[in-house]
Amino acid sequence: MSDEQLWHEVDDYLTARLAPGDEALDAALRDSAAAGLPSIAVAPNQGKLLQLLAQVQGARHILEIGTLGGYSTIWLGRALPPDGRLITLEYEHRHAEVATRNLARAGLDKQVEVRVGPALESLPRLADENPPPFDLVFIDADKANNARYLEWALRLTSTGSLIVLDNVVRGGRIADQDNHDPDVEGTRAALEMIAEHPRLSGTAVQTVGVKGHDGFALARVLA
Ligand code: SAH
Ligand code: DHB
Ligand code: MG
């Protein structure tokens, strides 16, 4: 059995027991695929991890950058208390439309708002609205802008907030100093910012599974 096959089998084992789907989650993936969206959503056990992180945070305000079909959004949205709110930013109209339907089917349409457009335009508008600080920010869009997204996340959070970045390892490309792909450079810049910024304490962990070899970075906002 190849390493990848083994990772797949273990993820299937873990997911079946600890992060099983349900009607809304399964339908969100089904309709995303049917609409031709790329199948790059977080894995179910990763979605459950995001939900747990939001619950540990006691999150009432969540920001997501990169909605796709709203699969990670459903996991995160379900962590919210009844008066909690999630704003998710998506560049592609088509993705946002699919996500809006998926979120409505999950019963989250009152709590979740999908904002369409380039996140670097949506973020300053959002900041102008002076929203309450976000307790959790999930960054999962175009990786070339990861450091910029992290800067905005810092402006939109407060002490104790958690910032999560997806896809920071990308099959090990992050550590290949000869790789100057803009996505890789953008993620390196974000990781360096986490390492050096006086208001951030963070780390990154590798993951293997149905999404291959990748990883998450987590950063806590300090005073
Ligand atoms: N968080 C989702 C996956 C997101 S995939 C999940 O796990 O279910 C990345 C998404 O970011 C795609 O839908 C892509 O269209 C969107 N994206 C790419 N560039 C963007 C930008 N500049 N602003 C906002 N969204 C962007
Ligand atoms: C890609 C993007 C993601 O957010 C992800 O989790 C996996 C893959 C991609 O653009 O290939
Ligand atoms: Mg991702």
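In this predicted model, ligand 1 is surrounded by 21 residues, of which Gly66, Ser72, Glu90, His95 and Asp140 come nearest. Sorted by class, the shell around ligand 1 comprises 11 nonpolar residues, together with five polar and five charged ones. Several polar contacts link the protein to ligand 1, and they involve both side-chain and backbone atoms. A polar side-chain atom of Glu90 is placed 2.6 Å from an oxygen atom of ligand 1, and a polar side-chain atom of His95 lies 2.8 Å from an oxygen atom of the ligand. The backbone takes part through Tyr91, a polar backbone atom of which is found 3.1 Å from a nitrogen atom of ligand 1. Taken alone, ligand 1 exposes 580 Å², and 89% of that area is buried by the protein. The space that ligand 1 takes up is the largest pocket of the model.

Ligand 2 also sits in the largest pocket, where the residues around it are Ile40, Asp140, Lys143, Asp166, Asn167, Arg170 and Lys211. Asp140 thus appears in the surroundings of ligand 2 and is also among the residues that come nearest to ligand 1. By class, the shell of ligand 2 divides into five charged residues, one polar residue and one nonpolar residue. As for individual polar contacts, an N or O atom in the side chain of Asn167 is 2.7 Å from an oxygen atom of ligand 2, while an N or O atom in the side chain of Lys143 is 3.1 Å from an oxygen atom of this ligand. A backbone contact is contributed by Ile40, with a backbone N or O atom lying 3.2 Å from an oxygen atom of ligand 2. Ligand 2, when taken alone, exposes 290 Å², of which the protein buries 68%.

Apart from the ligand contacts, aromatic rings were examined. The structure holds one aromatic pair, which is formed by Tyr71 and Trp75 and is edge-to-face in its arrangement, with 6.4 Å from centre to centre and 85° between the planes. Both Tyr71 and Trp75 belong to helix α4, which covers residues 71-77, and the two residues are four positions apart in the chain, a spacing of about one turn of the helix.

How values were computed. Residues are numbered from 1 along each chain as its sequence is written. Chains are lettered from A and ligands numbered from 1 in the order in which they are written. This is a predicted model: local features need pLDDT of at least 70, side-chain atom pairs count only at pLDDT 80 or more; totals for chains, interfaces and linings use all residues. Side-chain values use heavy atoms; hydrogens and water are left out. A residue is near a molecule or strand if one of its heavy atoms lies within 4 Å of it. A polar contact is a pair of N or O atoms within 3.5 Å; within protein, one must be able to donate a hydrogen and the other to accept it, and residues adjacent in sequence count only if both atoms are side-chain atoms. Accessible areas come from the Shrake-Rupley method with a 1.4 Å probe; for residues, only the protein chains shown count as cover. On a 1 Å grid over the protein atoms alone, a cavity is a set of points where a 1.4 Å probe fits but cannot get out, and a pocket is an open set with protein on both sides within 12 Å along at least five of seven lines; lining residues have an atom within 4 Å of a point. A molecule sits in a cavity or pocket if more than half of its atoms lie within 2 Å of its grid points. Ala, Val, Leu, Ile, Met, Phe, Trp, Tyr, Cys and Pro count as nonpolar, Asp, Glu, Lys and Arg as charged, and the others, Gly among them, as polar. Rings of Phe, Tyr and Trp (its six-membered ring) pair if their centres lie within 6.5 Å; planes under 30 degrees apart count as stacked, over 60 as edge-to-face and the rest as tilted.
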